[in-house]
Structures are given as C-alpha cells and as structure tokens.
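Thank you all for coming. I would like to walk you through a structure that will be new to most of you, so please have the sequence and the model open as we go.

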Amino acid sequence: MAASKIPQQRWYIHPPQPEAARQLAAHTGLAAVLTQVMLNRGISTIEQATFFLDPDAAPLSDPLVDFPDLQASVDILVNAIANGEKIAICGDYDADGMTSTALLMRALKFLGAKVDYAIPSRMSEGYGINTRIIEEFHAEGVEIILTVDNGIAAHAPVARARELGLTVIITDHHEVPPEIPNANAILNPQLIDPGSPYRAMAGVGVAYLLALSVAQVLGKEAALKDPLLELFTLGTIADLAALTGVNRRWVRRGLRLLAQSKIKGIQSLIQVSGLGGEKNIKPEAIGFRLGPRINAVGRIGDPQIVIEMLITEDEGIALERAMQCESINKQRQQLCEQIAIDAVEVYEQGTLDAQKSRVLVIVQPEWHHGVIGIVASRLVERYGVPVFIGTYEDAAKTHVRGSARSIPEFNVFEALEYAKDFTIKHGGHKAAGGFSLAASDLTSFSDRLSEFAHQCLEPKHLKPLVTVDAQLDLNEVGMDLFQQIDQLHPCGMANPDPVFWTPNVKVSRQKLIGKNHLKLTVQQNDWNESGEASKTVDALAWRWGEYYPMPRNLDIAYKLRSNEWRGEVSIELEIVGVRPASEANGVAFSLGDQQYTCNLIQRSQIQELQIRNPQGEVLIIQKGQRMGTLSKLLQQPMEIDVTEAPYYDLVKTAAQVWAKEKT
C-alpha cells in the first residue's frame with residue numbers, strides 16, 4: 001500500500017469567545033458552538049443577532065434615497081413604456097448578467113414595454129457593452145439603452161450612444177473607475193453609502209430594484225414580485241454576492257419560492273439537475289447544481305439559451321433549453337477536468353517553481369478560454385498560490401488571454417495594475433480578474449507579477465487556507481445541530497457555511513468512490529465518557545482520491561451535510577481540511593522517569609485536559625472537576641479522583657507545561 005500523505009494546508013481557527021457565545025446562546029436558543037460562528041461573522045450584540053436570524057425585522061432604508069439616480073431611471077422607463085419607445089438591454093454572459101437580463105425582459109414586457117436584448121460575444125468581443133452593439137441598437141430604432149451587470153467603465157460606447165441621441169441607463173455593481181461614463185443615469189451600489197443595506201447587491205439585485213420600482217409606479221408590483229425574486233435569488237447566489245444586507249433578506253425569501261417556482265424555465269432546470277424532489281432549495285444546491293448549468297452556457301455556449309429558458313411561458317421550450325444547459329454543462333465539466341489534468345502535468349513536470357515565484361503563471365495553447373477561470377480556482381486550492389492561467393487566442397500564438405484567481409493576502413486587481421505595462425486589457429477585483437497581452441510580453445508580465453507577490457506574500461502564506469469556526473465533539477454531530485444550522489442560512493459569501501474541527505480523530509475505514517473522491521469513517525475515541533464504544537461518523541472528501549490512503553490519526557476540519565439513502569436521512573461530514581494529529585495533539589513532558597503528552601481541548605463550553613503515556617493510557621479531567629476518567633487499552637474507562645496520588649502531581653505538572661508552552 002502506498003505511503004500516507006495529506007494536503008499541505010494552513011489553518012486559521014477563530015479564537016473561542018465562550019462567555020460571549022453563552023450570552024448569545026441564551027438569547028437565541030442556539031447551541032453555543034453556533035453562536036460562536038455568529039461571533040466570527042461579526043454578530044456580537046443581541047440586536048445584531050436578532051436581525052441576523054430574522055432579516056425581515058431589520059429596518060430598510062428607502063432605495064430612492066440611497067440611489068440618487070433611481071428616480072430618474074424609473075421616470076425614463078415609465079415614460080418610454082407610455083410613449084411606446086423601444087428599449088434595449090445589454091447584458092453579460094455570466095449567471096448574474098443572464099439572470100439580470102431575463103429579469104428585466106420579463107418585467108418590462110409584463111409592464112407593456114417594447115424591449116429586446118443583446119449580449120456581447122465572450123470569445124470575440126469580451127465583457128461589456130461595445131460600440132458595435134450601440135450602432136446596431138441605433139440602426140434598429142432603439143431609443144433607450146439599459147445595461148445590466150456591465151457599463152460602469154464603458155466610456156467610449158456610452159459616449160457614442162449619447163452622440164447618436166440615445167438615452168443610456170447603466171445598472172452595474174462592479175468597481176467604479178476614477179472617471180465614470182456620461183450616462184443619463186447610473187445605478188451602482190459601489191457609488192452609494194458603504195453602510196447602505198443595498199451595498200452588496202450583484203447586478204441582478206440592481207435590476208430587481210429597478211424593475212420593482214417601475215412596477216410600483218405602474219401599480220403592477222404584486223404580480224411581478226415573486227417571479228422576479230426567484231431570478232434575483234438565482235443570480236445573487238450564482239454570482240457569489242455577499243449574503244448581507246438586502247441580499248440576505250431577499251435571498252431568504254426567494255429560497256422559499258424556488259422549489260415551487262412559477263417560472264417554467266426554473267422548473268425545468270430544477271428537474272434536469274436532479275432537484276425535482278426537493279421541498280426546499282438551499283444555497284448550496286444553487287451554487288453546485290443550478291448555477292453551474294447556467295454559467296456553463298455563458299462560458300462555452302450561447303447565452304440566448306438561458307435567456308429564452310428564463311423568459312418563456314412555453315413548457316416545451318423551457319424543458320428543451322434546460323436540457324441544452326445540462327448537455328453544455330457536461331461538456332464544461334469534461335473540459336475543466338482535462339485542462340486541470342494538463343495544467344498540473346505542465347507545472348509539475350516543468351521548471352516553474354510557484355513557491356519561489358510566489359505566483360503561478362501558466363499558458364498553454366488550445367485551452368478553452370471560457371473555463372480556464374474554473375481551472376485557476378482548482379490550482380489555487382491545490383498549490384495555495386495566486387494563479388494566472390491563459391491560452392493563446394490565435395494559431396500563431398501572438399496573443400494571450402487569461403483569468404486569475406487568488407488567495408486572501410493577494411489582490412488580483414492591484415497585481416494587474418502593477419503589471420499594466422505589459423497588458424492590453426485587464427480588470428477584476430481582489431479575488432479574481434481577467435487579462436490579455438501580447439505573447440512576447442508574457443515573461444515580463446510573469447516577472448512583474450512575481451515582483452508584486454514578493455511585496456505582499458511570505459512563504460507561510462503559500463499553502464491553501466482553511467478557515468475554521470469552532471471545535472466540535474463528534475458526539476455532538478447529529479440532526480439537532482444540523483437543523484439549528486438552518487437558522488444561519490442563507491450561507492454563502494460573507495456568511496460561509498460553518499466549518500468545525502475535531503482533533504485527533506481515528507480513521508477507522510476509508511475507500512475511493514466515484515471520480516477521485518474519498519469516503520472515510522471516523523471516530524474521536526475508542527470509548528466515550530460513559531464507557532460505550534465511541535460514535536462513528538461517515539465523511540466525504542471531494543477530489544481527494546490522490547491522498548488515499550489517509551493516515552490513521554488526524555485533526556479534521558469539516559462542514560456538516562445531510563445524506564438521504566432509502567428514505568433515511570443521516571448527517572455526515574464534508575472534509576475541507578486535515579492536518580497531522582501531532583500538530584494539535586499535545587505537548588511533551590516528563591514526570592519522574594515517565595514520558596507524557598498533554599493537550600487542552602475545548603468541548604462545547606468546557607475545557608478538558610487530556611494526558612497520555614506511551615502505553616496508550618489516557619487521563620481526562622474537565623476544568624474545575626475533582627473526578628476524571630482513566631482509559632486503558634481494551635478496558636472500560638474508570639473514574640478516578642485526581643486530587644489523590646499519583647494523579648494530582650501529574651495533572652498539576654501537565655497544566656503548568658501546557659500553560660507555559662502556549663504563552
């Protein structure tokens with residue numbers, strides 16, 4: 001059997017706040033381990049906890065006040081509908097842009113508008129409205145142009161539209177450049193007060209707000225609200241927008257609607273993705289099942305497929321388009337899998353050293369530009385460094401186009417700005433970006449990125465980061481805790497699913513399943529405190545097949561997930577991190593001529609001192625207690641009085657050694 005190995009990771013464990021967690025637990029009725037999660041998210045007061053658990057109770061400011069151009073935008077569209085003026089939407093080819101486009105198409109058509117749309121070609125034109133689209137809109141008699149999920153940096157196209165006498169409303173959510181286009185109205189959360197509840201909205205959120213505002217003026221909000229909320233929810237989660245402010249409030253409502261969606265295209269998408277029997281659609285189902293099927297079309301297919309699916313009232317067309325999404329997504333999966341294999345092989349068999357460069361830049365011909373961003377994310381997970389991955393756009397290999405993904409300490413947009421002398425075009429934000437450059441500048445571009453990386457990254461940063469919320473005893477894993485986690489939902493960006501950790505678990509069984517996945521059975525101890533065989537829990541580690549077999553003893557970090565089999569639901573672990581048990585499993589010391597290791601473990605709100613000797617005997621004593629348990633191999637644990645010899649000196653020495661080591 002091959003030697004055991006594990007992923008090389010770094011862990012950040014949020015500092016425990018037991019007293020604050022207890023206070024929130026008393027108020028909310030949640031387990032203290034979950035109120036610790038809330039504290040980690042910045043929710044520290046009773047008022048914040050109340051609004052977090054019941055977002056609809058939070059005060060909501062008037063969007064007409066928060067968005068200075070919202071009233072003007074509404075007036076333009078209401079007048080255009082009344083006067084029969086032609087409106088054209090320019091969308092984007094990602095999930096946010098496509099759901100935004102569909103949302104406004106449905107709303108404006110329902111409100112009586114003459115409306116059409118266009119989306120630029122991902123492969124030949126790239127992101128955002130362009131002059132060609134402006135010229136075509138004008139030739140078709142369009143009078144109002146409405147951008148969604150793009151436009152905030154489109155100076156030349158907007159200038160051309162205004163020159164042609166067109167009215168332009170920009171709705172976007174991307175970073176605002178130093179100079180903004182000369183549009184008639186601009187709606188962008190990045191332009192409003194950072195404390196506004198609307199600040200975190202994605203493009204689909206801005207579209208939703210605008211559509212509802214127009215519908216309110218025309219007295220038709222009631223019929224539109226729920227269908228549009230479904231599209232808002234789908235787009236917001238698929239775009240990985242922060243689930244804070246109105247996003248949390250509205251997504252929470254929208255999730256209740258999706259399983260019984262009134263939109264035929266969403267019904268069909270749910271059906272083909274295998275979620276048809278679900279009574280509740282959770283954010284993870286959108287993130288891993290619905291969203292990828294939409295995004296795949298924008299990456300390697302025709303976005304019109306998704307738009308038609310989401311606006312049609314014909315069940316046959318909706319199902320046909322959903323099946324096209326399914327087929328294209330399978331192609332996308334195959335492309336990603338093959339490119340990821342190629343990229344790993346190119347790097348590991350080549351001369352590049354990402355640890356030395358502190359950034360990985362890798363470019364190969366014949367990779368599909370539409371999916372390399374996904375592969376970049378997988379390489380970040382594998383190597384723990386910022387990744388810039390590209391492909392040649394022409395047979396002569398003169399032009400490179402690529403995508404970037406990052407780690408927390410590295411800002412992609414700032415890095416691309418630092419290397420802008422060698423780019424033709426670039427953009428993005430802290431975590432991700434895109435770029436194009438002449439192939440002749442690739443070496444200089446890579447060197448400049450490495451120079452930037454050395455300014456902000458240290459060697460300790462160059463491992464994948466696992467962020468852990470709280471320590472959990474495996475005996476606490478069960479349906480009760482899992483159902484309580486539902487009260488923290490919706491989880492996503494800025495409110496991730498809780499990640500727990502348990503030290504020194506024993507891997508009692510493991511096997512490979514599916515395509516390179518690993519299934520484990522783990523337990524915390526051979527015996528629990530009652531003298532019974534310790535609870536075993538099943539666990540899954542996605543895409544960790546290369547680490548089979550895992551070592552017998554590990555610290556594990558994980559999320560909780562439900563698994564339904566033959567009508568029975570069980571709770572299992574989704575492993576996100578492991579490390580050698582020795583890292584957290586004790587400080588060595590000696591007493592007399594005997595060697596020991598000790599470890600102080602937080603179990604719920606109780607501290608537990610564990611002392612082990614080489615013979616496998618374990619003494620466990622909880623803080624403040626006189627009686628402890630002594631476990632010996634193949635024997636039932638027995639209760640002992642730690643104030644008596646020889647245990648008193650042993651416990652006292654272990655506590656002193658631990659305190660000294662950890663201060």
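What covers the buried residues of helix 2? Before I answer, let me say that this is a predicted model, so please hear everything that follows as a description of a prediction. The cover of those buried residues includes helix 1, at residues 18-28, and helix 3, at residues 46-53, together with strand 13, helix 20 and strand 14.

Helix 2 itself spans residues 32-40, and because nine of its nine residues are buried, it is largely enclosed by the rest of the structure. If you want to find them on your screens, the buried residues are Ala32, Val33, Leu34, Thr35, Gln36, Val37, Met38, Leu39 and Asn40. Just after helix 2 you will come to Gly42, which takes a positive phi of about 90°.

Two of the elements in that cover, strand 13 and strand 14, also pair with each other, in the parallel sense and over two bridges. Within that pairing, Gln471 has Trp501 in strand 14 as its bridge partner. Strand 14, which covers residues 500-513, has further partners, and with strand 17, at residues 553-565, it pairs in the antiparallel sense over five bridges. There, the bridge partner of Thr502 in strand 17 is Ile556. Strand 14 is also joined to strand 15, residues 517-523, by seven bridges, and these two strands run antiparallel. Ile513 stands opposite His517 of strand 15, and the two strands form a hairpin with three residues between them, where Gly514 in the turn has a positive phi of about 55°.

Staying in this part of the chain for a moment, I would point you to Glu476, which lies in the loop between strand 13, at 470-471, and helix 20, at 479-485. Is Glu476 buried or exposed, or does it fall in between? Its relative accessibility is 30%, and since buried means under 20% and exposed means over 50%, Glu476 counts as partly exposed. Glu476 and Lys535 are 59 residues apart along the chain, and their C-alpha atoms are separated by 9.7 Å.

Let me turn now to the sheets, beginning with one in which five strands form an open sheet in the order 3-2-4-5-6, with parallel pairing. Its edge strands, each pairing on one side only, are strand 3, at 114-118, and strand 6, at 185-187, and the twist averages 20° from one strand to the next. Towards one end of that order, strand 5, residues 167-171, is joined to strand 6 by three parallel bridges, and Thr171 has Leu187 in strand 6 as its bridge partner.

Another open sheet, also of five strands, has the order 7-8-9-11-10, and here the pairing is mixed. Strand 7, at 360-364, and strand 10, at 425-428, are its edge strands, and its twist averages 15° from one strand to the next. Inside this sheet, strand 9, residues 399-405, and strand 11, residues 432-438, pair in the antiparallel sense over seven bridges, with Gly433 in strand 11 as the bridge partner of Ala404.

Which residues of helix 14 are buried? In this helix, which runs over residues 304-311, they are Ile305, Val306, Ile307, Met309 and Leu310. Their cover includes strand 3, along with helix 6, helix 10, helix 12, helix 13 and helix 15.

Ser213, in helix 9, residues 203-217, has a relative accessible area of 10% and is therefore buried. Apart from neighbours within four places in sequence, Ser213 is in contact with Leu70 and Val74.

Finally, the cavities: a search of the whole structure finds two of 30 Å³ or more, and I will describe the second largest, which has a volume of about 30 Å³. What lines the second largest cavity? The lining consists of Ile129, Ile134, Ile145, Thr147, Pro157, Val158, Ala161 and Val168, which by class makes seven nonpolar residues, one polar residue and no charged ones. Strand 4, at 144-148, and helix 8, at 155-163, each supply at least two of these residues, and helix 8 gives the most, with three.

Conventions: Residues numbered from 1 in each chain as written. Predicted model: local features only at pLDDT ≥ 70, side-chain atom pairs only at ≥ 80, totals over all residues. Heavy atoms only, no water. 1 Å grid on protein atoms, 1.4 Å probe; cavity = no way out; pocket = protein on both sides within 12 Å on 5 of 7 lines; lining within 4 Å. Points joined across faces, edges and corners; volume = space filled by probe spheres on them. Helix = DSSP H or I, 4+ residues; strand = E, 2+ residues; numbered from the N terminus. Nonpolar A, V, L, I, M, F, W, Y, C, P; charged D, E, K, R; others polar. Pairing = 2+ DSSP bridges. Axes fitted to C-alpha atoms, helices over the stretch in contact; angles between N-to-C directions. Buried < 20%, exposed > 50% of the residue type's maximum accessible area, 1.4 Å probe, protein only. Contact = heavy atoms within 4.5 Å.
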